[in-house]
Amino acid sequence: MDYLYHPYPSQRMTVFAKNGVVATSQPLAAQAGLEVLKKGGNAIDAAIAAAACLTVVEPTSNGIGGDAFALVWTDGKLYGLNASGYAPKAISIEALKERGYTEMPKYGFAPVTVPGAPAAWAALSKRFGRLPLVETLAPAIAYAENGYPVSPVLGKYWAAAFRTYKEALRGPEFAAWFATFAPGGRAPKIGEVWASPDHAATLRSIAETEAESFYRGELAEKIAAFSKQYSGFLAADDLAEYEPEWVEPISVSYRGYEVWEIPPNGQGIVALMAINIMNGFDVPSVPDVETHHRQIEAMKLAFADGKAYIADCRYMNCSPDELLSESFAAMRRAQIGEEALTPEPGTPPKGGTVYLAAADGEGNMVSYIQSNYMGFGSGLVVPGTGIALHNRGHNFAFDEGHPNGLAPRKKPYHTIIPGFLTKGGAPVGPFGVMGGFMQPQGHLQVIMNTIDFDLNPQAALDAPRWQWMEGKTVLVEPHFPRHIAEALARKGHDIRLALDSGLFGRGQIIWRDPDTGVLAAGTEPRTDGAVAAW
């Protein structure tokens, strides 16, 4: 039977629980987080368990060799973790030009930056966790060792990645990817059991050493040796000197709420800039044509500014506060008229990914995201480890004069962003929508669905989405209201209808009732999403 054929509409309800909730894009990962909660772990332990499990049960979107970010609410405060990696010390634009590159490539060692995900698990566990990593990573290790049946949407994207990589990857350095993720010369089918003993052994090593082996031990040696064998830039000292960063989250106020994101090098500030612009408009209780038009225009302007200014914060030539100022938002808002515009950067005043959410009955809440970027990433798997190296460096500008220009030990513009919502200093909860440059657009739409249109967590995720692509081109989902699409076209938007919803992000939401402590969760209908609760 065809597990991707759904001729009839389906409906999910919001999931309620008191003791704990884990919402992820894959049922087995959600259950892994719940298993850890029931063993006495807290929401942080549950998030780590689900994140590690997702590297096994959804390898098309993330892996051990990727990056991560987290927002953690605990003890009355919101904490931010930036576990994105920097470029190797030996790389530069000049070095790539000498090898014949004229732009940042997608595959191979050139776009590989230091992976931050294992460091994120260890840092979160050490600072906030209740259980040791050997317990929180146990479910992921078991699935890698014993195997699991491939879920429907996972199988769809695995097959698509195999077709892409079969055409794009040339050279012996890519052999381990095919051996690991396409055993028998093909991608595993939906419902077929896939296992990776190498992946299990790597996770066990990370768990037993609290990620030390990945950065300064046996795994680091294997990664560095593999890089050296194929003239890669990533070296042992790049790994050994890496540490994740605890950062202060940034926010804007929106109609009585505070929307929080991780500061640059992430693109969460793009979502905040768009929300800031929308703050000055009156919005009806039901989304109409004008609201959609203004959302799209605000997003275009925010992305234009993000592309111009977002970089590793040490290299930015303007601050997040300047980009989020009321005066800058007002200036950008004034540029939105009745017709679609082609966005250009403003001048501020001077002064493929998995997302999961977890919460427990004690009030701890986690918004967590990790990714290999562009599906499986660079196409490189470190032989004998199951570690798929990401290609996050592809987002660097190939321009030394740009704030985001490639440079040694510099972090690139990063697409993955966790979100969090508070009201009056009290937590409402974690939210996020993964999917490359769809992510800030998903954050804007989900937040407005929640606050302006009063939708419950599941409905806020179910609502049809749009995605600005470039120029005046806007992609809309198959079930996007036709009358609104036609009206937007009359305003000058180049509306394109997508054949499926795969390009519109995958999100999770958990909201907490401040009076009862009851947790309300929604999960993504566009993937194999699940909420595990008790």
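# Helix packing and selected residues

Helix α1 (residues 27–38) packs against helix α2 (residues 43–57) at an angle of about 150 degrees, and their axes are 8 Å apart. This is a predicted model. Angles over 145 degrees count as roughly antiparallel, so α1 and α2 are roughly antiparallel to each other. Two further helix pairs follow, both involving α17. Three single residues come after them: H199, S227 and E98.

**Helices α1 and α2**

- The crossing of α1 past α2 is right-handed.
- On the α1 side, the contact is made by L28, A29, A32, G33, V36 and L37.
- On the α2 side, A43, D45, A46, A49, A50, C53, L54 and V57 take part.
- Sorted by class, the residues of this contact are 12 nonpolar, 1 polar and 1 charged.
- Asp counts as charged and Gly as polar, so D45 is the charged residue and G33 the polar one.

**Helices α13 and α17**

- Helix α13 covers residues 268–278, and helix α17 covers residues 439–451.
- Their axes come within 8 Å and cross at roughly 40 degrees.
- Roughly parallel would need an angle under 35 degrees, so α13 is oblique to α17.
- α13 passes α17 in a right-handed crossing.
- From α13, the residues in contact are V270, A271, A274, I275 and M278.
- They meet P440, H443, L444, I447 and M448 of α17.
- This contact has 9 nonpolar residues, 1 polar residue and no charged residues.

**Helices α14 and α17**

- Helix α14 spans residues 289–309 and packs with α17 at an angle of about 145 degrees.
- The axes of α14 and α17 are 11 Å apart.
- This crossing is right-handed.
- α14 contributes T291, Q295, M299 and F303 to the contact.
- α17 contributes P440, Q441, L444, Q445 and M448.
- The contact of α14 with α17 divides into 5 nonpolar and 4 polar residues, with no charged ones.
- P440, L444 and M448 of α17 appear in the contact with α13 and also in the contact with α14.

**H199**

- H199 sits in helix α9, which runs over residues 197–209.
- Its relative accessible area is 1%. Buried means under 20%, so H199 is buried.
- The side chains of H199 and T55 make a polar contact at 3.2 Å.
- Beyond its neighbours within four places in sequence, H199 is in contact with T55, V56, I64, A144, T385 and G386.
- T55 and V56 fall within the residue range of helix α2, 43–57.

**S227**

- S227 belongs to helix α11 (residues 218–229).
- With 0% relative accessibility, S227 counts as buried.
- A polar atom of the S227 side chain lies 2.7 Å from the backbone oxygen of L234.
- Leaving out residues up to four places away in sequence, S227 touches F109, G232, F233 and L234.

**E98**

- E98 is part of helix α3, residues 93–98.
- The relative accessible area of E98 is 63%. Exposed means over 50%, so E98 is exposed.
- E98 and W121 are 23 residues apart in sequence.
- In space, the C-alpha atoms of E98 and W121 are 37 Å apart.

Conventions. Residues are numbered from 1 along each chain as its sequence is written. This is a predicted model: local features need pLDDT of at least 70, side-chain atom pairs count only at pLDDT 80 or more; totals for chains, interfaces and linings use all residues. Side-chain values use heavy atoms; hydrogens and water are left out. Helices (H or I, at least four residues) and strands (E, at least two) are DSSP runs, numbered from the N terminus. Buried means under 20% relative accessible area, exposed over 50%, partly exposed in between (1.4 Å probe, protein chains only). A polar contact is a pair of N or O atoms within 3.5 Å; within protein, one must be able to donate a hydrogen and the other to accept it, and residues adjacent in sequence count only if both atoms are side-chain atoms. Contact means heavy atoms within 4.5 Å. Axes are lines fitted to C-alpha atoms, for helices over the stretch in contact, and angles run from 0 to 180 degrees between N-to-C directions. Angles under 35 degrees count as roughly parallel, over 145 as roughly antiparallel, 65 to 115 as roughly perpendicular and the rest as oblique. A crossing is left-handed if the near helix is turned anticlockwise from the far one by less than a right angle, and right-handed if clockwise.
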